[in-house]
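Colleague: Could you take me through the labels on this model? I'd like to hear the reasoning behind each one.

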Amino acid sequence: MPEDRIRYFDHSATTPTHPDVVAAMLPYFTDHFGNPSSLYGIAEESREAIARARSQVAAAIGASPEEIFFTAGGTESDNWAIKGIAHAHRDRGDHIITTAIEHHAVLHTCAFLEEGGFSVTYLPVDREGRVEPAAVRDAITDRTILVTVMTANNEVGTVQPIREIGAVAREHGVPFHTDAVQAIGNLELDVDEDNIDLLSLSGHKFYGPKGIGALYIRKGTKIANLIHGGGQERGRRAGTENLPGVVGLGAAIERACTDIPAHAARLAGLRDRLLAGIMEAIPDVTLNGHPTERLPGNINVSFGGIDGEALLTLLAMKGVCASTGSACSSGSESPSHVLLALGVPPQRARASLRLTLGDLTAGEDVDYLLTLLPDAVKKLRRLSGAGA
C-alpha cells in the first residue's frame with residue numbers, strides 16, 4: 001500500500017510554491033488586477049509591483065533592476081539568450097560554445113541554430129562532469145559569438161567553474177551566458193564577480209510559481225528582441241505581464257536568497273547522511289558527478305544489475321518521489337545524455353537514481369528512504385538474476 005505521506009526527493013524537478021509566496025501573489029489576481037500598461041490608479045499599482053519584483057530579482061544576483069527581463073521560465077530564457085545573441089551577432093560570427101551536459105533547453109536551441117547555418121562546439125566534461133576553462137579558451141575562434149555553460153547540472157549536481165569560464169570569455173570579448181536554473185537559492189551568485197553577461201532562472205525551482213522566469217542581460221549587451229508586439233519589458237518581450245507570477249517570482253527569490261549558506265549547510269548535511277547510508281548498505285553503487293563541487297541537495301547514483309525505472313516504481317509504491325534524471329526527459333528510452341557524457345556505460349546509466357533534497361526534506365525522510373532502498377535494490381537484482 002502507498003504511504004499516506006509523500007516523501008519528496010525530486011526538488012530539482014520542481015518545488016511547491018511557498019505559502020508566503022502564494023500570499024504575496026493573491027491580491028494581484030483580484031484586488032490589484034490592473035494592466036500595467038494602462039494609465040489609471042490600479043495600473044500604477046501593478047507597475048509598482050513589477051518594479052519591486054524586478055529589484056528583488058536583481059538584488060539576488062548582484063544586478064541592476066533595468067537588466068532583469070521577465071519570461072515564462074528557464075526554457076524561454078535560455079532560448080532568448082542563445083537565439084538573441086546569435087541573431088544579433090550574425091554579422092560578426094556564427095560560432096557558439098557550450099557543453100555536452102547542458103539542459104535540453106540549451107542543447108535543442110543550439111541544434112536548431114545549427115540547422116540555420118551556425119556552428120556549435122559541444123565541449124566534453126571529465127568523469128565528474130566538470131568543464132575545464134582551458135578547454136573553453138582553446139575552443140574560441142575569431143567567429144565565436146557566445147559561450148553558454150550551465151552553473152550547476154540538473155542531473156548530477158556538478159557545479160562548474162563559471163567565474164573562470166566567464167573570465168576566459170570576457171578576455172576574448174565573447175558574451176557569456178549561464179543557465180542558473182538549479183543554482184538560485186543553493187549557490188551564491190554575483191553577475192559582476194562571476195563575469196556573467198546573461199543568466200537564466202526559473203521561479204518554480206526555488207518555491208515560486210510555475211510559468212515565470214527571468215533573463216538577466218548585462219547593460220550594453222547586443223541581443224535581438226524575443227517577442228514582437230507591444231512595448232512590455234522595455235520593448236524586448238512583448239505581451240501583457242504575468243502580474244501574479246512576477247510578484248511571486250520576486251517574493252520567492254528574495255526568500256530563497258536570504259541565507260543561502262544556512263540553507264545549503266542543512267541540505268548538504270542531509271545529503272551526506274543519505275549518501276553514506278546508501279554506500280554502506282548497498283553493494284555495487286557509484287556516485288555520479290563531482291564528490292564535493294556539487295549542489296548541496298543533489299545525489300545521483302547508479303546501481304549494478306537493476307533498471308532505474310523499475311526502482312522508481314517500487315519507491316513510488318511506498319510514497320517516495322524521485323527520478324532517474326531530468327523531468328523534461330521523462331519517458332525517454334535513451335540513457336541520460338549527461339551520464340553518457342561522464343563516461344557512464346549505457347546499462348549503468350539506465351540504472352541511475354537522482355535524489356534531490358529541499359525544504360520538504362526532513363531527517364526522518366532520509367531514514368525512511370534508507371529503510372526502503374536496500375531491499376528494493378536487492379529485490380530487483382534477484383528478479384534480474386544479478387544476485388544481491
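What follows is a chat about how those labels were reached.

Modeller: Keep in mind that this is a predicted model. Where shall we start?

Colleague: With the sheet that has the order E9-E10-E12. What makes strand E9 and strand E12 edge strands?

Modeller: Strand E9 (285–287) and strand E12 (352–356) each have a single partner strand, so one side of each is left without a neighbour in the sheet. The sheet itself is open, with three strands in antiparallel pairing. From one strand to the next, the twist averages 25°.

Colleague: How do you know that E10 and E12 count as a pair?

Modeller: Two strands pair if there are at least two bridges between them. Strand E10 (residues 298–303) and E12 have five bridges, in the antiparallel sense. One bridge to look at puts Asn 300 opposite Arg 354 in E12.

Colleague: And what joins E9 to E10?

Modeller: Three bridges, again with the strands running antiparallel. The cut-off is at least two, so E9 and E10 qualify as well. Val 285 has Phe 303 as its bridge partner in E10.

Colleague: Why is E10 called mostly covered?

Modeller: Six of its six residues are buried, and buried means under 20% relative accessible area. Asn 298, Asn 300 and Ser 302 are on one side, while Ile 299, Val 301 and Phe 303 are on the other, and all are buried. That's how both faces of E10 come to be covered.

Colleague: Next, Asn 153. Why is Asn 153 classed as buried or exposed?

Modeller: Buried, because its relative accessibility is 0% and the limit is under 20%. Asn 153 sits in the loop between strand E5 (144–148) and helix H6 (162–171). Leaving aside neighbours within four places in sequence, Asn 153 is in contact with Ile 101, Thr 158, Leu 295 and Val 338.

Colleague: Same question for Ser 202: why is it buried or exposed?

Modeller: Ser 202 comes out at 5% relative accessible area, so buried is the label. This residue belongs to strand E7 (residues 198–202). With neighbours within four places in sequence left aside, the contacts of Ser 202 are Gly 73, Gly 74, Val 181, Ile 212 and Gly 213.

Colleague: Now the charges. What makes Arg 7 and Asp 365 a salt bridge?

Modeller: The rule asks for a side-chain nitrogen of Lys or Arg within 4 Å of a carboxyl oxygen of Asp or Glu. Here N to O is 3.1 Å, so the pair passes. Arg 7 is in strand E1 (residues 7–8) and Asp 365 in helix H12 (residues 363–384), so the bridge ties together parts 358 residues apart in sequence. Both Arg 7 and Asp 365 are buried.

Colleague: How many salt bridges does that rule give?

Modeller: The count comes to 18.

Colleague: What do we know about the bridge between Asp 197 and Arg 170?

Modeller: N to O is 3.0 Å there, and the limit is within 4 Å. Asp 197 lies in the loop between strand E6 (176–179) and E7, and Arg 170 in helix H6, so the linked parts are 27 residues apart in sequence. Asp 197 has a relative accessible area of 9%, so we call it buried. Arg 170 has 37%; partly exposed covers what falls between 20% and 50%, so that is the label for Arg 170.

Colleague: Which distance puts Asp 197 and Arg 218 in a salt bridge?

Modeller: 3.2 Å, N to O. Arg 218 is in the loop between strand E8 (213–217) and helix H7 (243–256), 21 residues apart from Asp 197. At 18%, Arg 218 is still buried, since the label takes anything under 20%.

Colleague: And what makes Arg 5, Arg 7, Glu 364 and Asp 365 one network?

Modeller: They are joined by salt bridges that share partners.

Colleague: Last one: which residues make the nonpolar surface patch?

Modeller: Val 22, Leu 26 and Phe 29, over about 280 Å². Phe 29 is in the loop between helix H1 (19–25) and helix H2 (41–61).

Methods
Residues numbered from 1 in each chain as written. Predicted model: local features only at pLDDT ≥ 70, side-chain atom pairs only at ≥ 80, totals over all residues. Heavy atoms only, no water. Patch = residues over 30% accessible without salt bridge, like charges linked within 9 Å, V, L, I, M, F, W, Y side chains within 5 Å. Areas by Shrake-Rupley, 256 points an atom, 1.4 Å probe, with all protein chains shown as cover. Helix = DSSP H or I, 4+ residues; strand = E, 2+ residues; numbered from the N terminus. Axes fitted to C-alpha atoms, helices over the stretch in contact; angles between N-to-C directions. Buried < 20%, exposed > 50% of the residue type's maximum accessible area, 1.4 Å probe, protein only. Contact = heavy atoms within 4.5 Å.
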